[in-house]
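Welcome to this guided tour. Open your viewer, get your selection tool ready, and follow along stop by stop.

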Amino acid sequence: MSKKKRNLIERLNVGPVICAEGFLFEIEKRGYMASGEFVPMVSLEHPEALENLHRDFQHSGSDIVQAFTYNGHREKMRVVGKEDLLEPLNRAALKIAKKVADNPIGKEPNLMAGNISNSNIWNDKDKSKNKEVEKMFSEMVSWAVDEGADMLIGETFYYAEEAYTALKVMKKSGLPSVITIAPMAQNIMRDGVSIVDTCKELEQLGGDVVGMNCFRGPATMMPYIKQIRKVLKCHVAALPINLRTTEEHPTFFNLPDNNGCTCHSPYKTAFPTALDPMQCNRYEIGKFAKEAFDLGVNYLGVCCLANPMLIRQVAEAVGLTVPSSKYRENMTNHMLFGTGKRIPNHQKDYADKA
Ligand SMILES: [Zn+2]
């Protein structure tokens, strides 16, 4: 007999829930998307590649299979002249996510999440386009509901009012709603609302899970997560990017690489194609997850530059064992650093000269 699938809130009430984000950078890295333009055509052009990435994240402990519709909104499709593919793209991404979520590796099915995000035409100074943004959100939410989403994620909002609008649209569906913001380097929402006040309002508007995702690495997200966790009663989400952002450069948009240059990038920034040297290692990501979890943050993940190895690290940092835990590092049998009986002494002795 099939067990009833627990909803997002039931899961969060009893422990951590892991959500892999960051599809954009990982799909680009795998060769199925143009960087910079960042349109998720992969659901139509290489569905098998997208399904594989979902499976890899699932294998590493993601409880949520987030449909890859980030940037798959009407405005972006207009920018690239493919508006006619808007609905097919959305439905294809949702169907792939649903298929993966309903075929879990563990016992319990995963949750399939519909996804809306920053529209890039929201403007607090000229509100003429803001109604259009609301319509864009509504059509995407309706397709997600139609394709059987278990929950909705609204993410990467840098205008407070745009996030409020997204949440209002999501709430109409009746599905559990996660809403996360991504303030830029001025450390305030672009319409002048503070990060904490934005989160407070999102809780008032009925956000089931409120928090932050993207743009910021562990170092520049954690200070705000601490404040948010303190003032909110609802569940809190924390999904940093996998980069060593700093107080001077709080987001990845202007983050210089370790040498202070952009390392032969043809652009004036290391973003988005030359960020590699500033990546965190798995232990830094695990430390962030553990620290957030200890504060009472149960919705955890990684956004841009996430990969399956890091998702496993997040899961294990909060005490979970996931299918890919079978392959976590094991140095016992390493040819130089191993401690096992069969590792010859002349190898062990040479380790510090290797
Ligand atoms: Zn991101």
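Which side chain of opposite charge is nearest to lysine 98, and how far away is it? Keep that in mind as you start; note too that this is a predicted model.

**Stop 1: lysine 98.** Select residues 86–101 to light up helix α6, and find lysine 98 within this helix. Lysine 98 is buried, yet it has no salt bridge. The side chain you were asked about is aspartate 102, at 4.0 Å. Now show what surrounds the lysine. Beyond its neighbours within four places in sequence, lysine 98 is in contact with Met112, Glu147, Gly148 and Asp150.

**Stop 2: a first ring pair.** Next, turn to the aromatic side chains. Searching the whole structure gives 13 aromatic pairs. For one of them, select phenylalanine 25 and phenylalanine 38: their ring centres are 5.5 Å apart and their planes make an angle of 40 degrees, a tilted pair. Phenylalanine 25 sits in helix α2 (residues 23–29), while phenylalanine 38 belongs to the loop between α2 and α3 (42–45), so the pair ties together parts 13 residues apart in sequence. Are these two rings buried or exposed? Phenylalanine 25 counts as buried, at 9% relative accessibility, and phenylalanine 38 is also buried, at 7%.

**Stop 3: another ring pair.** Now select phenylalanine 215 and phenylalanine 252. With centres 5.9 Å apart and planes at 40 degrees, this pair is tilted. The two rings link distant parts of the chain, 37 residues apart. Look for phenylalanine 215 in the loop between β6 (209–213) and α10 (218–231), and for phenylalanine 252 in the loop between β7 (235–239) and α11 (282–295). Phenylalanine 215 is buried, with a relative accessible area of 4%, and phenylalanine 252 is buried at 2%.

**Stop 4: the cluster.** Keep those four rings selected and add Tyr158, Tyr159, Phe253 and Phe271: ring pairs link them into a cluster with Phe25, Phe38, Phe215 and Phe252.

**Stop 5: the whole chain.** Zoom out and switch to a cartoon view. How many helices and strands does the protein chain have? There are 13 helices and 8 strands. The C-alpha atoms fill a box of roughly 75 × 60 × 45 Å along the principal axes. The radius of gyration is 21 Å, which agrees with the value near 20 Å for a compact globule of 354 residues. Of those 354 residues, 55% count as buried. Finally, turn on the surface: the chain exposes about 16000 Å², and carbon and sulfur atoms supply 51% of that area.

Notes: Residues numbered from 1 in each chain as written. Predicted model: local features only at pLDDT ≥ 70, side-chain atom pairs only at ≥ 80, totals over all residues. Heavy atoms only, no water. Helix = DSSP H or I, 4+ residues; strand = E, 2+ residues; numbered from the N terminus. Buried < 20%, exposed > 50% of the residue type's maximum accessible area, 1.4 Å probe, protein only. Lys, Arg positive; Asp, Glu negative; His and termini not counted. Contact = heavy atoms within 4.5 Å. Phe/Tyr/Trp six-rings, centres within 6.5 Å; stacked < 30°, edge-to-face > 60°. Rg over C-alpha atoms; globule rule 2.2 N^0.38 Å. Areas by Shrake-Rupley, 256 points an atom, 1.4 Å probe, with all protein chains shown as cover.
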